[in-house]
Amino acid sequence: MTALTGGSLIRRGKEVYENLPLPFPVVAAIVLDLLLARLRPVPLPGPRALHRTAGAGLLLAGVGLNIWALAERRHRTTGAFALERPEDLVTTGPYTITRHPMYIGWWLIQLGAGTLAGSSWVLATLPAELLVEHRAVLDEEATLAELFGRAYLEYSDSVPRYLGSPFRAQSPFDSNS
């Protein structure tokens with residue numbers, strides 16, 4: 001049995017991370033939430049039981065949404081599954097509600113974890129994270145428009161980028177919706 005060296009442990013961690021649909025800003029925000037809660041606790045108002053219940057519900061909703069989105073993506077893959085290289089435009093399942101269900105799922109997980117911990121810090125870090133990740137979302141949408149052309153443009157016209165009614169007025173975040 002060989003011991004893992006620092007370099008091989010980092011390399012192994014990088015391999016695992018690269019196969020997860022977990023954006024770096026989510027990881028950074030969750031770590032920052034935990035650090036801030038530990039160094040400078042700012043508890044959420046209200047009873048702890050409410051925090052636990054709401055946090056667990058949000059966390060489970062986020063996990064469920066991510067699993068559902070991954071399953072829909074996997075159904076559209078014929079060979080080895082590569083999340084960053086879609087073979088087909090997925091417009092079923094959670095993709096009928098939002099064009100980015102996995103981002104929404106991770107945001108729910110972060111909000112749920114912060115609420116479960118009873119920390120107000122998540123209320124500061126989550127909006128900052130959303131602003132950072134919005135740029136990545138726009139880049140992904142440009143790539144999808146290149147890959148799938150008119151089909152993606154029609155899809156983006158009928159399904160909201162994040163959440164809301166597909167029959168809504170154009171959002172200030174929707175530059176190409």
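**Group meeting: a five-helix predicted chain**

Okay, let's start with one residue: His-51 is buried, at 7% relative accessible area. By buried I mean under 20% relative accessible area, with exposed being over 50% and partly exposed in between, using a 1.4 Å probe and protein chains only. His-51 sits in helix α3, which covers residues 48-75. Leaving out residues up to four places away in sequence, His-51 touches Leu-44, Pro-45, Gly-46, Thr-115, Leu-116 and Gly-118. Contact here means heavy atoms within 4.5 Å.

Some ground rules. This is a predicted model, where local features need pLDDT of at least 70, side-chain atom pairs count only at pLDDT 80 or more, and totals for chains, interfaces and linings use all residues. Residues are numbered from 1 along each chain as its sequence is written, and side-chain values use heavy atoms, with hydrogens and water left out.

So how confident is the predictor? pLDDT is its confidence in each residue, from 0 to 100. The chain has a mean pLDDT of 83, with 80% of residues at 70 or more. Over residues 169-177, pLDDT stays under 50, and the model has 15 contacts there beyond four places in sequence. Where pLDDT is low, the predicted coordinates should not be read in detail.

Now the overall picture. The chain has 5 helices and 0 strands, and along the sequence the pattern reads α-α-α-α-α. Those elements are DSSP runs, numbered from the N terminus: H or I of at least four residues for helices, E of at least two for strands. Of the chain's 177 residues, 34% count as buried. Among contacts with a separation of 6 or more, 67% are between residues 24 or more positions apart.

On to the packing, beginning with the helix that holds His-51. α3 and helix α4, residues 101-117, pack at about 160° with their axes 7 Å apart. Axes are lines fitted to C-alpha atoms, for helices over the stretch in contact, and the angles run from 0 to 180 degrees between N-to-C directions. α3 and α4 are therefore roughly antiparallel; the cut-offs are under 35 degrees for roughly parallel, over 145 for roughly antiparallel, 65 to 115 for roughly perpendicular, and oblique for the rest. α3 passes α4 in a left-handed crossing, and left-handed means the near helix is turned anticlockwise from the far one by less than a right angle, right-handed if clockwise. By class, that contact has 19 nonpolar, 7 polar and 3 charged residues. Ala, Val, Leu, Ile, Met, Phe, Trp, Tyr, Cys and Pro count as nonpolar, Asp, Glu, Lys and Arg as charged, and the others, Gly among them, as polar.

Next pair: the axes of α4 and α5 come within 11 Å and cross at roughly 170°. That makes α4 roughly antiparallel to α5. On the α4 side, the contact residues include Tyr-103, Trp-107 and Gln-110, while α5 brings, among others, Leu-126, Glu-129 and Leu-130. This contact divides into 9 nonpolar, 4 polar and 3 charged residues.

Third pair: helix α2, residues 24-39, and helix α5, residues 122-158, pack at about 165° with axes 10 Å apart. These two are therefore also roughly antiparallel to each other, and their crossing is right-handed. α2 contributes Pro-25, Val-26, Ala-29, Leu-32, Asp-33 and Leu-36, and α5 contributes Val-122, Thr-125, Glu-129, Val-132 and Glu-133. Sorted by class, that is 7 nonpolar, 1 polar and 3 charged.

Which brings me to Glu-129, a residue of α5. Is Glu-129 buried or exposed? It counts as buried, because its relative accessibility is 4%. Beyond four places in sequence, Glu-129 touches Pro-25, Val-26, Ala-29, Trp-107 and Gln-110. The C-alpha atoms of Glu-129 and Val-27 are 10.0 Å apart, with their positions 102 residues apart along the chain.

Two residues of α2 go the other way. Phe-24, in α2, counts as exposed at 56% relative accessibility. From Phe-24 to Glu-133 the C-alpha distance is 9.2 Å, across 109 residues of sequence. Leu-34 is in α2 as well, and Leu-34 is exposed at 57%. Leu-34 and Ala-117 are 83 residues apart in sequence and 8.9 Å apart C-alpha to C-alpha.

That's my tour; happy to go back to any of the helices.

Note on methods:
pLDDT = per-residue confidence, 0-100.
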